[in-house]
Amino acid sequence: MEDQKMKLHCGFIFSNWTAMFGLHEKSLDFELVFVDWVAGEARTKTFLSNLNPFGQVPVLEDGDLKLFESKAITRYLAEQYKDVGTDLLPNDAKERAIVSMWMEIDTNQFLPLASTLIRELVTKPYQGLATDFTSVQENKEKLSEVLNIYEARLGESCYLAGESFTLADLHHLPPIHYMLKMEEEGVKDLIYSRPNVTAWVEKMQSRPAWLKTVIKGDHIFELMKQHRMPMQLDSPCQEMTGLAQKTAMVTENT
């Protein structure tokens with residue numbers, strides 16, 4: 001019997017981009033299932049009972065397995081499909097521990113600060129809510145301190161966990177992508193004022209799997225526009241997608 005294609009249930013949130021990025025790095029075929037979280041589709045009885053009781057996306061279906069939480073999804077992909085696509089987890093136990101350490105650093109140090117900036121400067125304006133600029137300033141200062149550590153680390157190795165791209169790097173790019181589209185003064189400089197961090201981000205942005213992810217993200221964006229999402233999303237998405245489409249044509253067979 002023919003294998004059932006994987007399904008990724010997702011919306012326009014950076015954790016969804018992370019799951020797509022992982023699938024593309026592993027060169028896996030999957031069906032994209034759009035979930036209109038703005039309209040509450042992730043809170044329906046069917047979604048809560050069949051996919052994720054917490055009412056969130058992304059959710060990966062692989063046969064009878066249903067997984068939610070982006071880090072659980074990408075780790076599963078890295079382990080279950082280790083022999084295809086990009087090897088995202090080293091075989092050596094010590095090297096794997098370093099990858100795990102930087103994933104924990106992402107969870108506990110980087111992501112809470114980046115997520116707050118995204119919430120205050122992206123999500124709240126789309127919801128018609130007021131931005132807390134005191135919180136923005138506080139989180140920019142804290143994230144600056146964290147990125148100073150990243151700058152030092154990336155002066156020692158090309159990627160966070162060593163010389164190869166791993167899950168530790170993969171999980172950082174989607175929120176950074178959102179940050180680099182913000183107009184708030186100083187947010188982009190958190191990345192671009194640090195040469196080692198900048199070089200790391202640019203290497204990741206040029207990966208064929210990321211370029212494909214951006215194109216998929218634009219497809220989700222178009223679906224959300226049809227559901228009357230705010231039009232402020234137009235410029236950043238279209239600009240990035242135009243670059244991705246051009247580059248993907250060149251890198252498709254690499």
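Ser 70 is placed in helix α3 of this predicted model. With a relative accessible area of 14%, Ser 70 is buried, because the threshold for burial is a relative accessible area under 20%. Its contacts, apart from neighbours within four places in sequence, are with Ser 15, Thr 18, Pro 58 and His 171.

**Phe 68 and its surroundings**

Phe 68 lies in strand β4, which covers residues 65-68. Its relative accessible area of 23% makes Phe 68 partly exposed. When residues up to four places away in sequence are not counted, Phe 68 touches Leu 51, Asn 52, Pro 53, Phe 54, Pro 58, Val 59 and Ile 73. Pro 58 thus appears among the contacts of Phe 68 and also among those of Ser 70. Phe 68 can further be related to Ala 19: the two residues are 49 positions apart in sequence, and their C-alpha atoms are separated by 9.8 Å.

**The chain as a whole**

The protein chain contains 11 helices and four strands. It has 254 residues, of which 49% count as buried. The exposed area of the chain is about 12700 Å², with carbon and sulfur atoms supplying 51% of that area. Considering contacts between residues at least 6 apart in sequence, 67% join residues at least 24 apart.

**Salt bridges**

Seven salt bridges are present in the structure. The table lists three pairs, including the distance between N and O atoms for each.

| Lysine | Aspartate | N to O distance |
|---|---|---|
| Lys 5 | Asp 29 | 3.6 Å |
| Lys 71 | Asp 106 | 2.7 Å |
| Lys 82 | Asp 87 | 2.8 Å |

The side chains of Lys 5 and Asp 29 form one of these bridges. This pair links distant parts of the chain, with Lys 5 in the segment before β1 (6-10) and Asp 29 in the loop between α1 (14-25) and β2 (30-34), 24 residues apart. Lys 5 is partly exposed at a relative accessible area of 43%, whereas Asp 29 is exposed at 53%.

Lys 71 is joined to Asp 106 by a salt bridge. This pair also links distant parts of the chain: Lys 71 belongs to helix α3 (residues 70-80) and Asp 106 to helix α4 (residues 93-126), 35 residues apart. Lys 71 has a relative accessible area of 21% and is partly exposed. Asp 106, by contrast, counts as buried, with a relative accessibility of 1%. Helix α3 therefore holds the buried Ser 70, at 14%, and the partly exposed Lys 71, at 21%, on either side of the 20% limit for burial.

In the bridge between Lys 82 and Asp 87, both residues are classed as partly exposed: Lys 82 has a relative accessible area of 22%, and Asp 87 has a relative accessibility of 38%.

**A negative patch on the surface**

Asp 132, Glu 138, Glu 141 and Glu 145 together form a negative surface patch. Glu 145 is located in helix α5, which spans residues 133-153. This residue is exposed, its relative accessible area being 57%. Glu 145 meets the requirement for patch membership on accessibility because patch residues must have over 30% relative accessible area.

How values were computed: Residues numbered from 1 in each chain as written. Predicted model: local features only at pLDDT ≥ 70, side-chain atom pairs only at ≥ 80, totals over all residues. Heavy atoms only, no water. Patch = residues over 30% accessible without salt bridge, like charges linked within 9 Å, V, L, I, M, F, W, Y side chains within 5 Å. Areas by Shrake-Rupley, 256 points an atom, 1.4 Å probe, with all protein chains shown as cover. Salt bridge = Lys/Arg side-chain N within 4 Å of Asp/Glu carboxyl O. Lys, Arg positive; Asp, Glu negative; His and termini not counted. Charge placed at Lys NZ, Arg CZ, Asp CG, Glu CD. Helix = DSSP H or I, 4+ residues; strand = E, 2+ residues; numbered from the N terminus. Buried < 20%, exposed > 50% of the residue type's maximum accessible area, 1.4 Å probe, protein only. Contact = heavy atoms within 4.5 Å.
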